[in-house]
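Me: I have a model open and would like to go through the reasoning behind some of its labels. Could you take my questions one by one?
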Amino acid sequence: MRIFGTVLAFTAALAASAPGARAAESLAQLPHKSWTAIADLQSTPVWAIAQDREGYIWLGVRAGLVRFDGTSFVSWEALNGAELPERDVQALHASPDGALWVGFGNAGGVSRIRGRAVHTYEPGDGLPSGPIWALLEDRQGTVWAGGPYGVSRFRDGRWERVGSAQGIGDRVMLFDVYEDAAGDLWLGTVAGLFRRVPAADTFERIESAGRVIRSVTSDAAGSIWIGGELAGFREANLPELPPVPALTPGMVMPVLRDRRGHLWGGTTSEGVTRIPDRLWGGDSAVERFTPQDGLSGERILALHEDHAGNIWIGTDGGLDYLAVNYPNGLLMRTELAGQMIMSLGAGENGAVWAGTPSGLYQLSDRETRLYRGAGGLAGYPVNALHLDKRGAVWAASPAGLARVEDGRLTQIPLPDGVTLFRVTTMTSDADGGLWLCDATGLYRFHDGALTDYSGLPAVAGRTPIAAYTDSLDRVWIGFAGGGLLSFIDGQPREYPDDDDVTAGLVSAFLEDSDGTLWIGSHRGLARLEQGRFVGLNDRTRPGGSAVIGITQDDEGLLWVATTSHILRLSSREFAQARTDPSYRFTVLNEWDLPAESPGWWWLGYPVSARTTDGELWFATDDGAAVVDPGQIGDPEPSAVRVDRVRAGERMLTPDGGLRVPGAANRLEIEYSAPAFDVPARFRYMLEGFDREWVEVGAFRQAFYTNLPPREYRFRVAASYSGARWVEAQPWDFAVLPTVYETPAFRAGLVLTLVLAVVGVWRLRLRRVRQEFALVLGERARVGREVHDTLLQGMAGVAMQVHAVSESLDDSQTQTRAALNRARDALEHYMREARRSIWELRGPSMEPLELPAALDTLGERLTAGTGVGFTLRVRGVPRRCATELKQQLLRVSGEAISNAVQHAMPSEIAVELSYEDDSVRVCVRDDGLGFDIEEVEREPARHWGLAGMRERAAQLGAALEVASVPSQGTRIEITAPRMETE
């Protein structure tokens, strides 16, 4: 397909509201779109057409009611979930209050749709039986409906039959209901044409019986026009007007008067007829648009004029659209209709030159001329055009080079032996030399000589595609594989393809009014800044479209043509877009065209031109499109709406306050905007999730997965150009938490965890108690064993010692004294053993503080031994934990006891020191001492020292033992201080 397809043909909507808009001069000039059952439309035929207040087109088809937004055909049921009767829809009417009335075929009936609410009236509710062919709401708010079995009207909330009492018969066959500008109501029936007399609530016959009137309308003068089976499309024979002949033969079914006064009629075999209104003057011929012109079907079933004044046609084969309303400055030139425009050039006095497959055309306001002549270009495709500074026009074709000067075409012979394959671009330099970009290389033609530059290292092996000469007389060459050359006085300078834009196929040049050089390539748009090209790609070629033409209007704005859209931008916007990734240019149009083929660039250049009177011309494969930039408006979509929501596998209607199940981890939101000429661009934002707008182009769906449960607001906006946005009514909804996300579930989970922890703790506590009970039991058993064996034995020994002491005579006082001391020692050890047993069975709290307890312990252990005992306290005494106190006393007592029993000291000194975070006890004696290494080798014989180490380990304390034979012993324990509870 050619570069643009019918690109600018549909730019009509861009200025639908612009000043100066007018109708096209002929049907052949109207942009046309068609949808058929095979290609797009869900079902045919299209019986009825209506447009609602939001701008959507509704179609009555065999499958029911279908909505069309310019892109998609969607059934009523798919949009709203509610069902309509499964019948053909053969009549539609959109009321001013926003309601849509639907008349059904087959068994008949009428439905009233307002919003998403539907109320259906069956024939038994006051409607005639059978199909409903006509629907209309008059200015008083009465709805009229009828078909082959009579007429009914809806007022005061109910349907009632209209028949013989009103003068039309109970079962008259009704084809059409029409209300004219004066408020008169007309009925087209099988029995003729009737006009309502409001005062009498009756109808009078205007056309005689036997005339089948299938459709009724009026012209700007108020005359009534009718369509019928035999008389065709004609003015009605009103009593006050003379008869007029039929303007179209054959059966005419739907008729329409558009806002410009044109009369339209649909026939059963000859397509659509348009008749200029008599007020336009002249004897304009009747125009026809037939299947040969692209109409979707032969039989016309419905005609409708939309809010913008464009015409919709329902046929037996599909749906058609004629873009009637477009600005004065936009036109598909009929002189080139159907021609593939391969190259364009702008000449003097507004003239335009066009290269086509059939030759070279010159177009002006006065004439259109196809150049022929001896060996001329007629019949040959003109691939490239160039207008030099002298005003001469150069054309390249397979026939060779030609020049048009002063209206005369001259063939330009090439040197002998030189054959050019296909010239794609030409430009001229300051010396009058003509540069040629050909598939075989790069050449310069001057004074009959051809210079080949293909051997230059910078050119060799490359295919030149585009050429341009700037105001500094630099000749620029762009290559198919990317990269640029400039020639100054024949010397090349290469510009490396280090920029992403220049790395693509370079296809367009422009030096703007400020002297800045711009280039376009397959990868975007760039400009020359300080000796290098800087560019943009993503925003200038969305979807991968190639830039193929650049021109500038009188306001200094650039118009950038690509294979899929047209951009309009300024130099300031270009600079802003380079620093702001979120900036978007104004997109004047986007086109749904196939991706360009690899060889499209062989067609020729340039493809855009600006005339001396400011018009912009663009090449298409169906003629030349002309734009007047001053007439281009900035339209906006009439409405935007959220259509459908799919949550998981469920389809939901997007009503306010909707609660979406949390188990639906995928949310799909469909939205739309009516756009029939220019595709709408969309952006959306989900407040509560998205932080900024998400621009998605023409894509009409938003997807979200695993949304957290909370309140959300979905916003969607549409735009044609990207400059002005229309936002839909925000849709508020909430995602419900799943069972495991509810507060009750979380509270239950926390309670379960707490109970589990408590249960585990209680089990652990029970086990510890059991273990502790076992330990206590074992300690009690040990205590009993010690009490029942050792203590009883010691008690027996004590008694025996006492008995021996008592049996001695008075002369053995020393022996008796020794025995008494032994008995006292036994009793002391028995008391100590009993205290240890008591501690095993149940530890008790030592009532004395640590200094007093140490003093008492030392005095007791050294009493009667002749060993001196001293206690020294350093630091401020503090209360210690019971366990710490007991363990320090045991270690100290063991050290003192060992010294008394084994070391024969004369003095034992104990030093108690309180530090900030520790307590230290040091026991010194001046006794015999011992060999520490020997003690360590025989630990089993020295239980006292082992016990000290075990007690120190329990406290996490440091135990130091220092002893030298004959020099005494020092035992020191330093324990971390534990505060008393």
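Me: Where does Val739 lie?

Reply: Happy to help! This is a predicted model, and in it Val739 sits in the loop between β65 (731–735) and α3 (743–807).

Me: Why is Val739 called exposed?

Reply: Its relative accessible area is 63%. Exposed means over 50%, so Val739 earns the label with 63%.

Me: Which residues make a nonpolar surface patch with Val739?

Reply: Tyr740, Phe745, Leu749 and Leu753 join Val739 there, and the patch covers about 520 Å².

Me: Let's turn to charges. What makes Arg114 and Asp97 a salt bridge?

Reply: Their side chains meet at 3.8 Å, N to O. The cut-off is within 4 Å, so a pair at 3.8 Å counts. Arg114 belongs to strand β8 (residues 110–114), while Asp97 is in the loop between β6 (89–94) and β7 (100–104), so the bridge ties together parts that are 17 residues apart in sequence.

Me: And why are Arg114 and Asp97 called partly exposed?

Reply: Arg114 has a relative accessible area of 40% and Asp97 has 30%. Partly exposed lies between the buried limit of under 20% and the exposed limit of over 50%, so both residues fit.

Me: How do you know that Arg67 and Asp69 are buried?

Reply: Relative accessibility is 1% for Arg67 and 2% for Asp69. Buried means under 20%, so the label holds for Arg67 and for Asp69. The two also form a salt bridge, with their closest N and O atoms 4.0 Å apart.

Me: What about Glu687 and Arg715, how far apart are the N and O of their salt bridge?

Reply: That distance is 2.9 Å. The pair links distant parts of the chain, with Glu687 in strand β60 (residues 681–687) and Arg715 in strand β63 (residues 711–719), 28 residues apart. Glu687 counts as partly exposed, at 29% relative accessibility.

Me: Which residues do salt bridges with shared partners join into one network?

Reply: Glu54, Arg67, Asp69, Arg641, Asp643 and Arg700 are joined that way. A search of the whole structure finds 39 salt bridges.

Me: Finally, how many residues are in the largest nonpolar core?

Reply: There are 33, and Leu850, Leu888 and Leu959 are among those with the most contacts inside it. The element that gives the most to this core is α6, with eight residues. Another core lies apart from it, with 31 residues, including Tyr684 and Val716.

Terms used
Residues numbered from 1 in each chain as written. Predicted model: local features only at pLDDT ≥ 70, side-chain atom pairs only at ≥ 80, totals over all residues. Heavy atoms only, no water. Patch = residues over 30% accessible without salt bridge, like charges linked within 9 Å, V, L, I, M, F, W, Y side chains within 5 Å. Areas by Shrake-Rupley, 256 points an atom, 1.4 Å probe, with all protein chains shown as cover. Helix = DSSP H or I, 4+ residues; strand = E, 2+ residues; numbered from the N terminus. Buried < 20%, exposed > 50% of the residue type's maximum accessible area, 1.4 Å probe, protein only. Core = buried A, V, L, I, M, F, W, Y, C linked by side-chain atoms within 4.5 Å.
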